[in-house]
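Welcome! Here are some exercises to try with the structure open beside you. Have a go at each task before you read its solution.

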Amino acid sequence: MFAGIITDVTNRLFDLSGIWWFLALILVIAFFDSVIPVVPSETLVIMGGIAASQHQYSVLLVILLGAVGAFLGDNTAYALGNLARPWFERRAEARPKFGKRLEWAKEQIAVRGGMLLITARFIPGGRTALTLSSGITRQPRRWFFGWITAAVLIWATYAAMLGYIGGKAAKDNHTAAFMIAFGTALGVNAVIELVRHFRKPKSAPV
């Protein structure tokens, strides 16, 4: 029964992915996923990659739209963090302990932030927290743009190519293609999370 549900859902998604506006949907969902981390952008990029493997459109277009949407979303999160910065700074002045934590976060992002921005892109919720924090702690905008550009290109290429390769391997079996690609994505995300856990920096001040 469960297998039947998965097959039905993936077939419906694949049918949708063949419609022209699905490409626009990839951009929109990738944007909102950067700001509201419950939106499944990676799933749509993977489905776009599977559709591209069936020659419905170019995989490069899927990568481009996913990356552009994610770039715009990450910069929106940065801007929201920057807007909230005065409140955080006032709170830091009123509460020294909070101020120490804020300063610690600023230092951690400045020292490790570039690679953190890339790895966080593969962790649901992590990317939003880090991009907001970059705005709150006043990280240089040019520095942020550069690392986010690299992060979204790596992420979009990775997700789209997982779908593309899975689609080529499974041919007309859309469910198998999706399970191969999505299962690999979950495995990679789990490895990234484990590595991040064991390489945690010194704890924030209490």
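## Warm-up: the whole protein

Buried residues make up 42% of the 206 residues in the protein. Please keep in mind that this is a predicted model.

**Exercise 1.** Find out how many helices and how many strands the protein has.

*Solution.* Step one: count the elements, which gives eight helices and zero strands. Step two: read them from the N terminus on, and the order is α-α-α-α-α-α-α-α. Step three: turn to the contacts between residues at least 6 apart in sequence; 80% of them join residues at least 24 apart.

## The nonpolar core

**Exercise 2.** Work out which helices supply at least two residues each to the largest nonpolar core.

*Solution.* Begin with the core itself, which has 36 residues. Those with the most contacts inside it are Ile26, Val45, Tyr57, Val62 and Trp155. Next, look at where the core residues come from: helix H2 (21-35), helix H3 (41-53), helix H4 (59-94), helix H5 (96-120) and helix H7 (141-170) each supply at least two. Finally, H7 gives the largest share, nine residues.

## Two helices side by side

**Exercise 3.** Decide whether H2 and H3 are roughly parallel or roughly antiparallel.

*Solution.* First, take the axes: those of H2 and H3 come within 8 Å and cross at roughly 155 degrees. Second, compare with the cut-off: angles over 145 degrees count as roughly antiparallel. H2 is therefore roughly antiparallel to H3. Third, note the hand of the crossing, which is left-handed. Last, find the residues that meet: Phe22, Leu25, Ile26, Ile29, Ala30 and Asp33 in H2 face Ser41, Leu44, Val45, Met47 and Gly48 in H3.

## Three residues to compare

**Exercise 4.** Is Ser41 buried or exposed?

*Solution.* Start by placing Ser41, which is found in helix H3. The cut-off for buried is under 20% relative accessible area. Ser41 has a relative accessibility of 3%, so Ser41 counts as buried. Now look at its side chain, which makes a polar contact with the side chain of Asp33 (2.4 Å). Not counting residues up to four places away in sequence, Ser41 touches Ile29, Ala30, Asp33, Arg127 and Trp155.

**Exercise 5.** Do the same for Leu23 in helix H2, and then for Leu80 in helix H4.

*Solution.* Leu23 has 12% relative accessibility, so Leu23 counts as buried. Leaving aside neighbours within four places in sequence, Leu23 is in contact with Tyr57, Leu61, Val62 and Leu65. Of these partners, take Tyr57: Leu23 and Tyr57 are 34 residues apart in sequence, and their C-alpha atoms are 9.3 Å apart.

Leu80 has a relative accessible area of 39%, so Leu80 is partly exposed. With neighbours within four places in sequence set aside, Leu80 is in contact with Val35 and Leu132. The C-alpha atoms of Leu80 and Thr131 are separated by 9.2 Å, and these residues are 51 apart along the chain.

## A positive phi

**Exercise 6.** Which residue with a positive phi follows H6?

*Solution.* Look first at H6, where Arg127, Thr128, Leu130, Thr131, Ser134, Gly135 and Ile136 are buried. Then move into the loop between helix H6 (126-136) and H7, where you will find Arg138. The phi of Arg138 is positive, near 60 degrees, in a residue other than glycine. For background, most residues other than glycine have a negative phi.

Notes. Residues are numbered from 1 along each chain as its sequence is written. This is a predicted model: local features need pLDDT of at least 70, side-chain atom pairs count only at pLDDT 80 or more; totals for chains, interfaces and linings use all residues. Side-chain values use heavy atoms; hydrogens and water are left out. A nonpolar core is a set of buried Ala, Val, Leu, Ile, Met, Phe, Trp, Tyr and Cys residues joined through side-chain atoms within 4.5 Å. Buried means under 20% relative accessible area, exposed over 50%, partly exposed in between (1.4 Å probe, protein chains only). Helices (H or I, at least four residues) and strands (E, at least two) are DSSP runs, numbered from the N terminus. A polar contact is a pair of N or O atoms within 3.5 Å; within protein, one must be able to donate a hydrogen and the other to accept it, and residues adjacent in sequence count only if both atoms are side-chain atoms. Contact means heavy atoms within 4.5 Å. Axes are lines fitted to C-alpha atoms, for helices over the stretch in contact, and angles run from 0 to 180 degrees between N-to-C directions. Angles under 35 degrees count as roughly parallel, over 145 as roughly antiparallel, 65 to 115 as roughly perpendicular and the rest as oblique. A crossing is left-handed if the near helix is turned anticlockwise from the far one by less than a right angle, and right-handed if clockwise.
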